[in-house]
Amino acid sequence: MIVGQQKPIDEIWEMIRGQRQVLVLGCNSCVAVCHQGGTKQAEVLASLLRMQAVQVGVQIQLDVGGIERQCEHEFFNSALDAISNTESVLSLACGVGVQFMAENFHTTPVYPALNTTFLGAVERPGYFTEKCQACGNCVLAATGGLCPIASCAKRLLNGPCGGVSNGKCEINRELDCVWQLIVERLEAFGRLADYEKLFPLKDWSKDRAGGPRTFKVEGFLQ
Amino acid sequence: MSLKTNSKPERLLAAVHLAVTSECGPPRGSDPEVILNKGELLKKHVDAVNVTDNQTSVTRLSSLAACIHLKLMGVEPVLQMVTHDRNRIALQSDILGTASFDINNVLCLSGGHQVFGDCPDGQNVFDLDSMQLLQTVRHMRDNDKFISGDDIKRPPAMFVGAAANPFAEPFKIRVPRLAKKIGAGAEFIQTQCIYNLARFKEWMKDVRNRGLHEKVYILAGITPMKSLGMARYIKTMYLAWISRMKLSAGLPVFP
């Protein structure tokens with residue numbers, strides 16, 4: 001899932017303070033799972049912004065709404081009226097949702113309430129960890145099912161570096177060294193010898209380096 | 001082994017001599033005197049001088065430029081090259097630039113993470129890692145080709161080295177990791193500084209058991225402590241690499 005984190009309230013306030021009317025719009029998929037971007041969080045955020053407005057004596061109307069996903073057309077039907085009647089939108093979606101709205105509502109400014117942080121897993125309630133960088137060319141078959149691109153601070157394909165200590169990464173002693181885990185995984189299924197196979201130079205053209213990516217599914221294309 | 005380059009360390013090591021190298025860290029400024037002075041101090045005492053590449057991710061005068069200064073004064077440089085901050089275009093370009101001055105040694109490294117340097121907010125590159133850089137230099141030298149497959153007119157005649165750390169974790173892959181670097185093309189190895197002789201002996205035993213000492217020249221690293229502060233830093237950062245180190249008010253003691 002996509003993990004996001006709400007921006008500091010002061011930063012959000014600075015973005016919207018010049019507006020007279022803002023629709024605070026939640027997105028009830030990924031970023032609701034991490035308790036940052038759903039309709040509930042949109043309500044709380046709108047309340048905080050109303051208090052801020054009162055404190056500084058600014059007139060601003062804050063409405064609240066929410067849809068299932070801000071990255072697909074079909075989910076916008078229920079919010080079309082609210083969006084067309086507002087001056088601007090403060091979106092609690094990830095960066096995908098914010099941009100999708102911006103592309104589809106040409107005259108409505110859309111502001112991001114979240115920082116989109118990573119593609120991750122729910123390790124345990126309230127704790128999310130990055131697992132994938134969407135490099136477009138999955139390497140997990142060679143690395144025991146654990147990704148050094150997402151989980152190594154140097155994205156080393158032939159790691160580890162010398163910075164491991166007690167199984168932790170030198171840049172943050174709370175982070176596991178993924179290469180230590182890869183080695184342990186390979187050993188656990190009797191494939192430690194595979195460690196010595198060289199990982200060739202990676203084709204990064206499938207990654208961000210190749211420019212914005214698109215994907216067409218033949219047969220479903222409309 | 002027949003010689004592949006005009007490298008002095010390669011010649012000495014092939015003749016079964018010991019080779020001694022030292023290190024020269026470029027300055028944080030553009031004054032070449034700093035390098036020339038270091039070169040002058042080292043010139044008569046070592047066979048080659050390793051020039052660090054923005055060591056610990058702190059911005060300094062470039063390793064390549066410092067190598068050229070040393071070369072011009074008759075010192076044999078070893079270009080240290082990290083993949084941390086340059087992509088494969090810049091790396092290949094710098095390899096050619098280095099070779100154009102007939103600098104014949106390169107040490108291929110991944111490099112430290114930028115959080116420890118002076119630009120913690122910077123992007124890191126790691127288009128290649130150290131193993132892939134080894135492969136790249138060997139490919140350029142031995143196949144006369146760029147990574148792309150295009151021909152190189154005057155290939156870089158470089159003696160290709162890598163670092164090895166006999167002490168880092170996970171210990172079980174220390175020797176396999178050396179084997180992997182040899183597989184990637186390393187012809188000489190410079191180890192991290194040795195403060196744990198027992199573990200170094202153990203590592204060398206496993207290296208010999210696999211016959212890796214026949215495939216690569218190993219230069220053991222020694223770093224004299226210059227101050228108590230330095231000893232404290234090493235003890236804090238690299239405790240696992242150290243056997244038993246007591247810090248007294250004067251110099252560190254190794255019991």
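A residue is buried if 20 or more other C-beta atoms lie within 10 Å of its own.

**Figure 1. Overall build of chain B in the predicted model.** By the cut-off above, buried residues make up 42% of the 255 residues in chain B. The chain contains eight helices and nine strands. Its radius of gyration is 18 Å, close to the 18 Å that the globule rule gives for 255 residues, so chain B is as compact as a globular protein of that length. Along the principal axes, the C-alpha atoms of chain B fill a box of roughly 55 × 45 × 40 Å. Among contacts in chain B with a separation of 6 or more, 75% come from residues 24 or more positions apart.

**Figure 2. Surroundings of Arg199(B) in helix H7 of chain B.** Helix H7 covers residues 197–209. Arg199(B) has 18 other C-beta atoms within 10 Å and is therefore partly exposed, the buried class starting at 20. Apart from neighbours within four places in sequence, Arg199(B) is in contact with Pro166(B) and Phe167(B).

**Figure 3. Arg199(B) and Gly161(B) in chain B.** These two residues are 38 residues apart along the chain. Their C-alpha atoms are separated by 22 Å.

**Figure 4. Contact between chain A and chain B.** On one side are 20 residues of chain A, in contact with 23 residues of chain B. The chain A side that touches chain B is made up of eleven nonpolar, five polar and four charged residues.

Key: Residues numbered from 1 in each chain as written. Chains lettered and ligands numbered in written order. Predicted model: local features only at pLDDT ≥ 70, side-chain atom pairs only at ≥ 80, totals over all residues. Helix = DSSP H or I, 4+ residues; strand = E, 2+ residues; numbered from the N terminus. Rg over C-alpha atoms; globule rule 2.2 N^0.38 Å. Buried ≥ 20, exposed ≤ 12 C-beta atoms within 10 Å, placed from the backbone. Contact = placed C-beta atoms within 7 Å. Nonpolar A, V, L, I, M, F, W, Y, C, P; charged D, E, K, R; others polar.
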